Amino acid sequence: MNMVEHFREMALNNAWSNQRLLSACARLSDADFAAERVSFFPSLKATLNHILIVDWYYLDALREGGRGYAIFDDELPYGTLPALAEAQRESDRQLIDFCNRLAEADLAHAVKLDRAARGIKQETVASVLPHLFIHQIHHRGQAHAMMSGTSVRPPQLDEFFSAGEVSLRAAEFEELGWTEEMIWADRGAGR
């Protein structure tokens, strides 16, 4: 597996983990979703909005969209879980699409990151994508821990695309509109 294939699989896994977490959160009451909890952000609502906003920020930079740090102007763009979940699914689709279009040469492409008062910083696609994935993992872990204080059992989020566990993820893939072929089609193809 080359780096492009790895990033593609990470984008798919990221979307799958988000689907699991957001589906579990959908079983919470609105009050539990917004309730103050102990973590970096004060609630599941704030944490999940933050994940989405940072996704927008990095996707904007990767696609040279020009919005920059203004993306952070509204720290809670979604007040309800259904609207937030749909926006996250769309963001995940965009990230998957971005990774599907990558070629090895694209990984060295310069990405300009607006860091507000610290100015414009330059990175590469190959360094921005891992940060985006790590950021998601970091904050999903916090949301997972916050869910432990609710009546809804936190979902397992450390799954990967194990060939022997197709049946265990079939229903979730169906919800996402995915097929197993999406996961396995490009492995080893050296796009």
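How many nonpolar, polar and charged residues does the lining of the largest cavity have? In this predicted model, the lining comprises five nonpolar residues, two polar residues and no charged ones. The cavity itself encloses about 40 Å³ of space, and the cavities of 30 Å³ or more come to two in count. Its lining is formed by Asn 18, Leu 21, Leu 22, Leu 48, Ile 51, Leu 84 and Gln 88. Helix H1 (3-25), helix H3 (44-62) and helix H4 (81-100) each contribute at least two of these residues, and the largest share, three residues, is that of H1.

Among the lining residues, Leu 48 was examined further. Leu 48 belongs to helix H3 and counts as buried because its relative accessibility is 5%, where the cut-off for burial is under 20%. Leaving aside residues up to four places away in sequence, Leu 48 is in contact with Leu 21, Leu 22, Cys 25, Phe 33, Leu 81, Leu 84, Gln 88 and Ala 143. One of these contacts, Phe 33, is separated from Leu 48 by 15 residues in sequence and by 10.0 Å between C-alpha atoms.

Helix H6 (residues 166-176) has a buried side to which Arg 169, Glu 172 and Phe 173 belong. These residues lie on the same side of H6 because they cover an arc of only 105° around the axis. In general, an α-helix has 3.6 residues a turn, so residues three or four places apart point the same way. The buried residues of H6 pack against H1 and helix H7 (180-184). On the face turned away from the buried side, Ser 167, Ala 171, Glu 174 and Glu 175 are exposed. Just after H6, a positive phi of about 75° is found at Gly 177.

The strands E1 (residues 110-114) and E2 (residues 120-124) pair in the antiparallel sense, with five bridges. Within this pairing, Ala 110 is placed opposite Thr 124 of E2. The side chains of E1 alternate along the strand: Val 111 and Leu 113 are buried and point to one face, whereas Ala 110, Lys 112 and Asp 114 point to the other and are not buried. Such alternation between the two faces of the sheet is general for side chains in a regular strand. Five residues lie between the strands in the hairpin of E1 and E2, where Ala 116 adopts a positive phi near 55°.

Technical notes: Residues numbered from 1 in each chain as written. Predicted model: local features only at pLDDT ≥ 70, side-chain atom pairs only at ≥ 80, totals over all residues. Heavy atoms only, no water. Buried < 20%, exposed > 50% of the residue type's maximum accessible area, 1.4 Å probe, protein only. Helix = DSSP H or I, 4+ residues; strand = E, 2+ residues; numbered from the N terminus. Pairing = 2+ DSSP bridges. 1 Å grid on protein atoms, 1.4 Å probe; cavity = no way out; pocket = protein on both sides within 12 Å on 5 of 7 lines; lining within 4 Å. Points joined across faces, edges and corners; volume = space filled by probe spheres on them. Nonpolar A, V, L, I, M, F, W, Y, C, P; charged D, E, K, R; others polar. Arc of directions from axis to C-beta. Contact = heavy atoms within 4.5 Å.
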